[in-house]
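Dear colleague,

I am handing over to you the structure we spoke about, and below it you will find some notes on what turned up when I went through it. Please read them with the structure open beside you.

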Amino acid sequence: MKHILPILTITTLAAAASAQTPAAASGLSYNRAGLSYNTDKAAGDNGYSLSVEALIGSSNIWIAGSADLNSAGADSVSIGYVFKNVAAGIDATVAVSSDDNYGIILRRSLNEVVAGLEARLVYARQEGSVSADGFTYELAYNINKQFQIAVSVDDVSGAKNETSVTVRYNF
């Protein structure tokens, strides 16, 4: 009985330390807007697109939208849930998008390699279409807290269709 106060103190301190760790480990910004230049090797449909994503309030509910600035217009709206620091500092987002798309987004800060470096892997699937399934691989560098530059490759059904260079503003 005389050891109960030290045990409660140690338990409280351990719980407080572990509660702060996931947010500190992630360090990823989910409130950002970007301008991309895309090169589509399959269709020759090069051009620009705008994207915006944000977490709603202080929750883990993620919303995003993108607009293709070409005449083709492949616009989309997405909503998802972010699971922060799932394993080894990786944040996982499960999302659904317009046009019966759904996917998983994995993001991780690579500060142990280079300060400001970040990797992202996206798996997307369109309901009812096996040919539209694919991955997006992205490597990004945070120039400072506000600006990020990223290079990504879309790999739809094993054919590396599109390469993008994106400049993002974190807000």
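Please keep in mind throughout that this is a predicted model.

To begin with the aromatic side chains, a search of the whole structure gives five aromatic pairs, and a single aromatic cluster is formed by Y123, F135 and Y137. Another ring worth finding is that of Y30, since the charged end of R107 sits over this ring, at 4.6 Å from its centre.

Both Y30 and R107 also appear in the lining of the largest cavity, together with R32, E53, W62, T93, I105 and R120. This lining is made up of four charged, three nonpolar and one polar residues, and the space inside the largest cavity comes to about 50 Å³. When the whole structure is searched for cavities of 30 Å³ or more, one is found.

Turning to the nonpolar side chains, the largest nonpolar core consists of nine residues, namely L28, Y30, L55, W62, A64, V82, A95, I105 and V122. Among these, Y30, W62 and I105 are residues that also line the largest cavity. As for V122, if residues up to four places away in sequence are not counted, V122 touches I104, I105, G134, F135 and T136; of these, I105 is in the largest nonpolar core as well, while F135 belongs to the aromatic cluster with Y123 and Y137.

With best wishes

Terms used:
Residues are numbered from 1 along each chain as its sequence is written. This is a predicted model: local features need pLDDT of at least 70, side-chain atom pairs count only at pLDDT 80 or more; totals for chains, interfaces and linings use all residues. Side-chain values use heavy atoms; hydrogens and water are left out. Rings of Phe, Tyr and Trp (its six-membered ring) pair if their centres lie within 6.5 Å; planes under 30 degrees apart count as stacked, over 60 as edge-to-face and the rest as tilted. A charge sits over a ring if NZ of Lys or CZ of Arg is within 6 Å of the ring centre and within 35 degrees of the ring normal. On a 1 Å grid over the protein atoms alone, a cavity is a set of points where a 1.4 Å probe fits but cannot get out, and a pocket is an open set with protein on both sides within 12 Å along at least five of seven lines; lining residues have an atom within 4 Å of a point. Grid points are joined across faces, edges and corners, and a volume is the space filled by probe spheres set on the points. Ala, Val, Leu, Ile, Met, Phe, Trp, Tyr, Cys and Pro count as nonpolar, Asp, Glu, Lys and Arg as charged, and the others, Gly among them, as polar. A nonpolar core is a set of buried Ala, Val, Leu, Ile, Met, Phe, Trp, Tyr and Cys residues joined through side-chain atoms within 4.5 Å. Buried means under 20% relative accessible area, exposed over 50%, partly exposed in between (1.4 Å probe, protein chains only). Contact means heavy atoms within 4.5 Å.
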